[in-house]
Amino acid sequence: MYELKAADAHAISPAKGSLISARLMAICVAAAVAAYAVIIGLANWERIMTVVTGLTGQLWLQLTALSLTSYLLRFLRWHYFISALSYTVPIFVNLEIYLTAFALTLTPGKVGEVIRSVYLRPYGVSYTHSLGAFVSERLLDLMAVSMFATLVILVFPEQRSYVLVAASLVFALFFCMRTRLLHVLAIRFTKISLIDHPASLIATIKFLLAGKGLTIAALLSVMAWLIQGVSLYVVVRALGFDIPLGSAVAIYCLSILAGAFSFIPGGIGVTEGAIVLLLIASGVEDTVAITAAVIGRGITLWLAIAIGIGANITKSLRASERN
């Protein structure tokens with residue numbers, strides 16, 4: 001495979017990666033907290049707190065378990081990709097690296113999570129391969145979320161034509177990524193990355209998104225996003241509103257897409273706002289909709305960030321002890 005740019009290879013190290021991670025983490029978390037403050041400030045704070053304090057400890061445990069299961073499935077997909085590329089990274093080392101990147105989940109398109117490439121380099125994983133695995137993950141996420149988002153037809157059947165057109169465009173994009181379009185995008189991507197030749201990145205993505213590998217990774221992606229949608233369903237039901245499971249999953253995934261295409265870090269504000277509007281349109285009372293959006297989205301997003309921050313701290317402390 002092609003080599004990475006020599007200057008950049010020497011310029012970036014896991015230690016510097018930690019510094020970059022800390023800066024981005026602080027900026028993104030601060031922006032997210034401000035956005036949540038605005039969202040909650042626009043609602044009836046006292047009423048929301050009354051609703052939240054009425055939730056049982058068992059519910060919080062269920063939501064936490066669902067989120068952790070979703071993270072585990074996504075990690076298994078990542079570890080499968082790294083193993084498929086013929087690298088032998090100890091599973092617990094790879095898990096720590098994977099979780100460390102969660103601290104940068106709030107970056108647009110989760111691009112901050114490419115910090116994994118820096119941490120994997122000492123284990124012999126090339127930047128080309130780890131970046132190819134990252135791009136493959138994002139494409140599969142887009143496919144899975146889009147598939148579930150089409151279920152919004154169950155909620156708003158009058159919008160059937162618009163939903164089907166949008167879904168068709170997303171699926172068409174996925175298949176176009178396996179054609180000349182992938183080459184064009186790879187050339188643009190490598191201008192700002194650590195890779196000299198786009199052909200290597202293209203080959204990696206095509207290899208990972210083909211045959212048996214695609215089937216396994218796609219199933220893990222679908223299961224991971226289904227579980228996150230189920231979290232919203234569980235919250236809404238616990239708050240006293242009975243909506244179909246398919247509707248809750250569709251609302252969650254459609255809102256995730258809205259947040260992703262807003263290009264706002266983590267889709268903060270846009271995703272939650274979309275969940276609120278869609279729940280209200282489905283007959284859910286406004287205060288409950290806001291509460292469900294904050295909890296349902298928060299337990300899947302903020303738990304990941306908390307785990308990522310914890311993994312970063314642990315990694316930094318261990319590095320300090322070695323030095």
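**Salt bridges and helix α12 in a predicted model**

Let me begin with the salt bridges, of which the count comes to 7, and I should say at once that the model is predicted. Five residues, Arg-77, Arg-116, Glu-137, Arg-138 and Asp-141, are linked in a network of these bridges. Within that network, Asp-141 and Arg-138 meet through their side chains at 2.6 Å, N to O, and because they sit 3 residues apart in helix α7, about one helical turn separates them. Arg-138 also forms a salt bridge with Glu-137, where the closest N and O atoms are 3.9 Å apart. Asp-141 counts as buried at 7% relative accessibility, and so does Arg-138 at 17%, the cut-off being under 20%.

Elsewhere, Glu-272 and Arg-297 form a salt bridge whose closest N and O atoms are 3.0 Å apart. This pair links distant parts of the chain, with Glu-272 in helix α13 and Arg-297 in helix α14, 25 residues apart. Glu-272 is buried, with a relative accessibility of 0%, and Arg-297 is buried too, at 6%.

Those two helices, α13 and α14, bring me to α12, whose buried residues pack against both of them and also against α7 and α11. Helix α12 covers residues 245–261 and reaches 25 Å from its first C-alpha to its last, which is close to the expected 24 Å. Among its buried residues are Val-249, Ile-251, Tyr-252 and Leu-257. After the helix comes Phe-263, with a positive phi near 60°.

Finally, for the protein overall, the secondary structure comes to 14 helices and 0 strands, and buried residues make up 48% of the 323 residues.

Note on methods: Residues numbered from 1 in each chain as written. Predicted model: local features only at pLDDT ≥ 70, side-chain atom pairs only at ≥ 80, totals over all residues. Heavy atoms only, no water. Helix = DSSP H or I, 4+ residues; strand = E, 2+ residues; numbered from the N terminus. Expected span 1.5 Å × (residues − 1). Buried < 20%, exposed > 50% of the residue type's maximum accessible area, 1.4 Å probe, protein only. Contact = heavy atoms within 4.5 Å. Salt bridge = Lys/Arg side-chain N within 4 Å of Asp/Glu carboxyl O.
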